[in-house]
Structure formats: C-alpha cells, structure tokens
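Me: Hi! Could you walk me through this one while I have it open on my screen?

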Amino acid sequence: MRIANDAGRLVLVRDGGGLDVEKASSGLFGSDPQEVYERWAEFTEWARTAGGDLLPIAPGTLGPPAPRPRQVFAIGLNYRAHAEESALAEPEFPATFTKFPTSFTGAYHEIGLPSDTVDWEVELVVVLGARAHRVSAAHGWDHVAGVTVGQDLSERTVQLRPPVPQFSLGKSFPGFSPTGPELVTPDELPDRDDLTIECTIDGESVQSSRTAQMIFPVPELIEKLSSICPLLPGDVIFTGTPEGVGAAREPKRFLRHGEVLESRIGGVGVMRNRVVRDADQ
Ligand code: ZN
C-alpha cells in the first residue's frame with residue numbers, strides 16, 4: 001500500500017491517481033495524514049478493499065507523509081563508508097539527534113539556501129505505525145507503518161561550530177527535511193532491508209549505495225532507540241546517509257542556487273527539490 005499527503009489530505013495512491021480517504025471511508029478515517037498512524041492496523045485492513053473515484057495527484061502539492069510527528073529521530077554515521085569519509089570511528093550506539101519539524105517540506109518543493117555551506121544527505125526515512133518501547137530487533141519491523149525518501153540537508157558551518165557540534169540546529173533550517181513523495185508499506189518492497197539509495201545533483205550521481213550497508217539496520221535502530229525512548233505512532237526516523245556528501249570531498253562542494261537535488265530509493269520513490277538562494281542572502 002502507498003499513501004500520500006496531497007495538499008494536507010490523506011490519499012491512498014493507486015495506479016492512475018489518489019483515493020481521498022475521508023470521502024472513500026465516509027468519514028470513518030479523517031483527512032489528516034498524521035492521525036492515520038494512530039489507527040494504522042485498522043486503516044490497512046480497511047484499505048485492502050477500499051474503492052471509489054480516483055483523483056489526479058499533482059506532485060507539486062504533495063506534503064510530507066507524516067507532517068507533524070511528536071518525535072523525530074535522526075541518525076548520524078550509520079553507513080561504514082560515510083563514517084570513514086568523515087574520519088570518525090564507527091559508533092557503538094546510534095549517533096542520534098533531532099530535526100525540528102518546522103524544517104519539514106514536500107518531495108517537490110523548492111528549498112532555500114541560508115548560506116553557501118549547505119550539504120546533501122539522501123536517507124531512508126521510517127514512519128512508526130505502532131508504539132514501540134523496549135522492542136527487540138526481531139520485532140522491529142512490526143512497529144513500522146512504512147518508509148519514504150528523505151533528505152537530511154545540513155548547514156555544515158552551524159552543525160560543526162565549536163565548542164560542541166549542533167547537529168539538530170544545523171539540520172533544521174526551513175525546508176531542510178523534505179520527505180515523500182509517498183509512504184510505502186514494507187510488504188511492497190522485494191527486500192525491505194536492502195534497497196538502492198541514490199542522490200544526484202543536476203543529473204550527476206553524488207551518492208549511490210544500498211540500505212543493506214547500514215551499521216544499524218532499521219530493526220536495530222528501533223531496538224536501540226526504544227531501549228531509551230518510547231517510539232510513538234507517526235514518529236519519524238531519518239536513518240542516516242551513505243558516503244558521498246559534499247563536505248567530505250576535496251575540495252569541498254556545497255549546494256548552489258538553481259541546482260536540482262534528486263533523491264531516489266529503489267521501489268520507494270523519487271524526490272526532486274530545486275535549491276535556491278534565500279531571498280535575504
Ligand atoms: Zn543525516
């Protein structure tokens with residue numbers, strides 16, 4: 001199953017368009033894409049046989065599949081080759097920070113550059129479909145509603161400013177957390193633990209890996225995070241980026257006005273975000 005946030009309304013994505021959930025369910029489920037995760041099991045059961053008129057979906061109006069999570073977790077250094085290029089040791093526990101939800105945006109929206117040191121990080125993004133507290137990795141996927149594509153855009157000057165790094169702030173400028181275009185349930189994927197993950201800038205490949213390269217795969221992340229925080233339905237996890245970020249290049253490379261950032265995960269979807277200089281720059 002695939003769902004999307006079409007201009008703030010929850011839709012079931014089918015070949016040829018979207019089914020408006022509130023209308024098709026006669027109000028059994030509301031229009032708010034965030035609320036559906038509270039009743040995820042019931043919703044997926046209903047969706048199996050749901051029918052009705054399909055409406056066209058305009059990509060430009062798509063918002064984040066989980067627009068207002070109560071908690072957002074983001075993981076640093078979760079791919080070996082990225083830890084290596086960052087000249088940092090592999091973590092023994094997931095290196096965790098947050099991305100504040102005011103940084104959320106859609107899969108095809110323009111993103112403002114507040115400086116000339118903004119970097120790209122394509123990531124698999126997980127949305128919780130059930131509460132998880134002290135859950136073992138063996139049951140990790142049971143708590144996942146679905147996955148989507150994300151970017152963990154990073155302003156490296158703020159992120160790394162001494163004396164202590166400020167990951168959460170450096171990665172939370174407006175628009176720095178695009179996700180989408182759709183949320184895909186894991187059963188739709190040939191292998192939910194091994195997906196191709198790629199990022200291009202104006203068509204040039206800058207990141208290309210597989211999610212099987214994660215140091216802490218999705219079920220392990222759920223075990224580790226939920227050993228401390230209860231994870232709640234609708235919570236979002238940015239699972240880390242593979243190698244190929246701009247700050248690790250020699251010379252360093254950052255995003256420039258007018259470039260188109262494409263983020264792609266096999267079987268999940270593609271986001272296309274144009275980056276533009278902030279008006280006040
Ligand atoms: Zn990241």
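**Domains, interface and metal site**

Reply: Happy to. This is a predicted model, and the domain assignment splits the protein into domain 1 (2–57) and domain 2 (63–277).

Me: What distance separates the centres of domain 1 and domain 2?

Reply: Taken over C-alpha atoms, the two centres are 25 Å apart.

Me: And how many residues of each domain are in contact with the other?

Reply: On the domain 1 side there are 11 residues, and they touch 22 residues of domain 2.

Me: What area is buried between domain 1 and domain 2?

Reply: About 1400 Å², with carbon and sulfur atoms giving 44% of that area. In domain 1, Arg2, Gln34 and Tyr37 lose the most area to domain 2, and together they make up 51% of what that side buries.

Me: How many salt bridges does the rule find across that interface?

Reply: Four salt bridges cross between domain 1 and domain 2. There are also 11 residue pairs in polar contact between the two domains, counting pairs with both residues at pLDDT 80 or more.

Me: Which element supplies the largest share of the domain 1 side?

Reply: Strand E1 (residues 2–6) does, with four residues of the side that touches domain 2. By type, that side of domain 1 divides into six nonpolar, two polar and three charged residues.

Me: Back to Arg2. Which residue does Arg2 form a salt bridge with?

Reply: Its partner is Glu182, and the closest N and O atoms are 2.9 Å apart. The pair links distant parts of the chain: Arg2 sits in strand E1 and Glu182 in strand E13 (residues 177–184), 180 residues apart.

Me: Nice. What about Glu38, which side chain does that one meet?

Reply: Glu38 meets the side chain of Arg70 in a salt bridge, at 2.7 Å from N to O.

Me: And how many salt bridges does the structure hold?

Reply: The count for the structure is 23.

Me: Switching topic to the metal. Which residues are the protein donors of the zinc ion?

Reply: Glu121 and Glu123 donate through OE and Asp152 through OD, lying 1.9 to 2.1 Å from the zinc ion. In sequence, the donor residues are spaced E-x1-E-x28-D.

Me: Where in the chain do Glu121 and Asp152 lie?

Reply: Both lie in loops, in distant parts of the chain 31 residues apart. Glu121 is in the loop between strand E9 (118–119) and strand E10 (122–128), while Asp152 is in the loop between strand E11 (144–151) and strand E12 (154–155).

How values were computed. Residues are numbered from 1 along each chain as its sequence is written. This is a predicted model: local features need pLDDT of at least 70, side-chain atom pairs count only at pLDDT 80 or more; totals for chains, interfaces and linings use all residues. Side-chain values use heavy atoms; hydrogens and water are left out. Domain bounds come from an automatic or database domain assignment. Contact means heavy atoms within 4.5 Å. Buried area is the accessible area (1.4 Å probe) that two parts lose on being put together, summed over both. A polar contact is a pair of N or O atoms within 3.5 Å; within protein, one must be able to donate a hydrogen and the other to accept it, and residues adjacent in sequence count only if both atoms are side-chain atoms. Helices (H or I, at least four residues) and strands (E, at least two) are DSSP runs, numbered from the N terminus. Ala, Val, Leu, Ile, Met, Phe, Trp, Tyr, Cys and Pro count as nonpolar, Asp, Glu, Lys and Arg as charged, and the others, Gly among them, as polar. Donors are N, O and S atoms within 2.8 Å of the metal (3.2 Å for Na, K and Ca); water is not among the atoms, so sites may look incomplete.
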